Amino acid sequence: MAKYTRSGRLQQIPPYLFAEISKKIEQAKNKGVDVISLGIGDPDMPTPKHIIAELERAANDPKNHQYPDYEGMLAFREAVVAWYKKRHNVALDPVSEVLALIGSKEGSLHLSLAFVNPGDYVLVPNPCYTPYRTSTILANGMVCDLPLLEANGFLPQLDRINRDICKRAKILYLSYPNNPTTAVANVEFYKEVVDFAKDKGIIVCSDNPYSEIAFDGYKPLSFLEVPGAKDVGVEFNSLSKPYNMTGWRIGMAVGNPEIISAMATVKNNVDSGVFNAVQYAAITALLKTPDSQIDHLNSIYQKRRDLVYDTFTSVGIRVRKPKATFYMWCKTPNGHTCAGFAAHLLEKAGVVVTPGAAYGSYGEGYFRISLTVPDARLAEAMDRIKKAMSK
Ligand SMILES: *Cc1c(COP(=O)(O)O)cnc(C)c1O
């Protein structure tokens, strides 16, 4: 018996998805299986050297050993502005429209704490990256699921949302290129989103950490590229994925100054910002990384994507060929449930995949694999899956 009763909020949080997977991996490893995990999306390649060198330099400067400004150094925010201008032709004010985050994951909690009252709704895609849902719960908000269906290109149907719920909704989450479905959004969709948000007075949060991970010449959009977007929302982006910096914890929220200011007030009362040396390294990443380095990273993911696509197609697993993200969203074959098929692959092939329902009920019937494992391990995983599927 626990001595201390957890808050109702916490009791509503489902077990962290990867905690469950980790347990299963542990069990298989204890049995001596050489487990290959395609479960977690965490780049396998190191942070580029010029970024590490800048961290070293900045860490050696005692000026950086003191508390940072909680909203981020002006130089970091200016680098974000320059990057958005160059990459998306979006104009931002560094002082009022940019906020440094300790990784973009924490942004959804700040946003919820800033705007959601008990009983307010948050419009959350299903399936989705789990923090949109859990941060809503932590703020005592109510989740309204927006089904992402393959037939609609995994875009939510905004005109299908219950009117009474729309009246009580504060935030709409979107994330394209999408984790886990790998779908992408176009300008027409974002225009519809802006009109919807204006009409209903709902804040749009576009979570865009995969904007740089794309293939075949495709360039993902920023939501803020669409006219009127800054009137209704913010975008999160992150250094984690394009620069192999998941462990460094740095990202940003940009856009509507009123929303940014409210998030900053929450942050000011929760943490004291990002280590300045990490911010200097991030400035270097944003401004000094040659495009060719990102292109090279994407070419590696693209080769892995093609290997998985060819393998899965040859064994009868239906899979989307993604234009962006380092995931593959696959149909579970032969009437398997997603959890059943994931367990089957772990048992028969020693390969870990994520059951789609871990991202929400509409993920049932799918599983996700991540391309962030070294080439040789991925090839080995594909061999094993091929054998397991042909038995
Ligand atoms: C990886 C990821 C993030 C980013 O995370 P950081 O906290 O910046 O490391 C945010 N959203 C989605 C959908 C992701 O997949």
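## Helix α5 and the sheet

Helix α5 (residues 105-115) lies across four strands, namely β2, β5 (169-174), β6 (203-207) and β7 (233-238). Relative to β5, helix α5 runs at about 165°. These descriptions refer to a predicted model.

The sheet is open and has 7 strands, in the order β2-β8-β7-β6-β5-β3-β4, with mixed pairing. Its edge strands are β2 (98-101) and β4 (142-147), each of which pairs on one side only. From one strand to the next, the twist averages 25°.

## Pairing of β3 and β4

Strands of a sheet pair through backbone hydrogen bonds, in either a parallel or an antiparallel manner. Strand β3 (residues 121-126) and β4 run parallel and are joined by 6 bridges. Tyr121 stands opposite Met142 in β4.

## The second largest pocket

The second largest pocket has a volume of about 470 Å³. Its lining is made up of 24 residues, and those nearest the centre are Arg87, Glu212, Lys219, Asp291 and Ile294. Elements giving two or more residues to this lining are α4 (74-88), α11 (276-288) and α12 (291-314). The largest share, 6 residues, comes from α12. By class, the lining of the second largest pocket has 11 nonpolar, 6 polar and 7 charged residues.

## Position between domains

Where does the second largest pocket lie with respect to domain 1 and domain 2? Domain 1 (8-46 + 292-390) and domain 2 (62-288) both give residues to the lining, so the pocket lies between them.

Methods:
Residues numbered from 1 in each chain as written. Predicted model: local features only at pLDDT ≥ 70, side-chain atom pairs only at ≥ 80, totals over all residues. Heavy atoms only, no water. Pairing = 2+ DSSP bridges. Axes fitted to C-alpha atoms, helices over the stretch in contact; angles between N-to-C directions. Contact = heavy atoms within 4.5 Å. 1 Å grid on protein atoms, 1.4 Å probe; cavity = no way out; pocket = protein on both sides within 12 Å on 5 of 7 lines; lining within 4 Å. Points joined across faces, edges and corners; volume = space filled by probe spheres on them. Nonpolar A, V, L, I, M, F, W, Y, C, P; charged D, E, K, R; others polar. Domains from an automatic or database assignment.
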